[in-house]
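Reader: I would like to see how the labels for this chain follow from their definitions. Could you show me the structure and take my questions?

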Amino acid sequence: MLLATLVLTAVISAVMLPINWNGQGASTAAPKIDTLLDVMIVLSAFVFALVMVMLFYALWKFKAKPGDESDGEPIHGNTKLEIAWTVIPTIIVLFGAGYSWAVLDDIEDPAPNPITVDVFSQQFAWSFGYPGKDMAFSEGELHVPLDRQVHFKMHALDVIHSFWVPEWRIKKDNVPGITTTAIVTPDKPGTYQLICTELCGYGHASMRAKVVVEPPAEFRKWVAGLDEQIPEPYLETIRRDTETDPIPVGAGGA
Ligand SMILES: [Cu+2]
């Protein structure tokens, strides 16, 4: 039975693993998260295979003969089986939790000289504040420098929204009243899309923003060319909200 389970696990994994589930990756976190997903796919395939093999074995082995209308034998538990089906899932879940924890810890490891960008979300638009004395502000378009860790400070002005750039893999809720943090190091230049992934009202599906990852010099030039500053009501959310991450707002320099 173990052999059948392992063979079925291998077959399912061989079908599932070559599929590029997450699409192109464009941050240092992407390959680590993709590997985590692959490990989880193999583990899930094993559990699925085990259940299927036991189910079909039971269907075949204990099938009633034609005309047999009698009750099945009464069963009063099976200690060995119950220990096994408690211990094995516990080990699998603890391994999954430990591994995910290690990956999260790794991808959120603070790098030297990060840049902080404030993200403001509201029904149904994104806007951004950049560090520096003049607090440059952009609406509907986010620029970040290539190969530098960015600490995004998330602020929600009305309801809960969620910040998601699929190529970066990172997703973080924007919650009114608190400031959450997402840490990303973009490692491929290009243009991407920021998508709101928390159903936030009628305009949710169109709540998107353009994301540009570019060399540091071009990024500085773009920020310097912004002529708007973070508006006062937005600054108010920064001051008022509870910080959930110890890294202070504006710690990174441009
Ligand atoms: Cu939304």
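Reader: What makes strand 9 and strand 10 a pair?

Author: Two strands pair if DSSP finds at least two bridges between them, and strand 9 and strand 10 (residues 208–214) have six, in the antiparallel sense. They therefore qualify as a pair. Strands here are DSSP runs of E with at least two residues, and helices are runs of H or I with at least four, numbered from the N terminus. The chain has five helices and 11 strands. This is a predicted model, where local features need pLDDT of at least 70, side-chain atom pairs count only at pLDDT 80 or more, and totals for chains, interfaces and linings use all residues. Residues are numbered from 1 along each chain as its sequence is written, and side-chain values use heavy atoms, leaving out hydrogens and water.

Reader: Why is strand 6 also said to pair with strand 9?

Author: Strand 6 (residues 161–164) and strand 9 (residues 190–196) share two antiparallel bridges, so the requirement of at least two is met. W164 has I195 of strand 9 as its bridge partner, and I195 in turn has R208 of strand 10 as a bridge partner.

Reader: How do you know that the chain differs from a compact globule?

Author: The globule rule, 2.2 Å times the number of residues to the power 0.38, uses a radius of gyration over C-alpha atoms. For 254 residues a compact globule would be near 18 Å, but the chain has 25 Å. Along its principal axes, the C-alpha trace spans about 85 × 35 × 30 Å.
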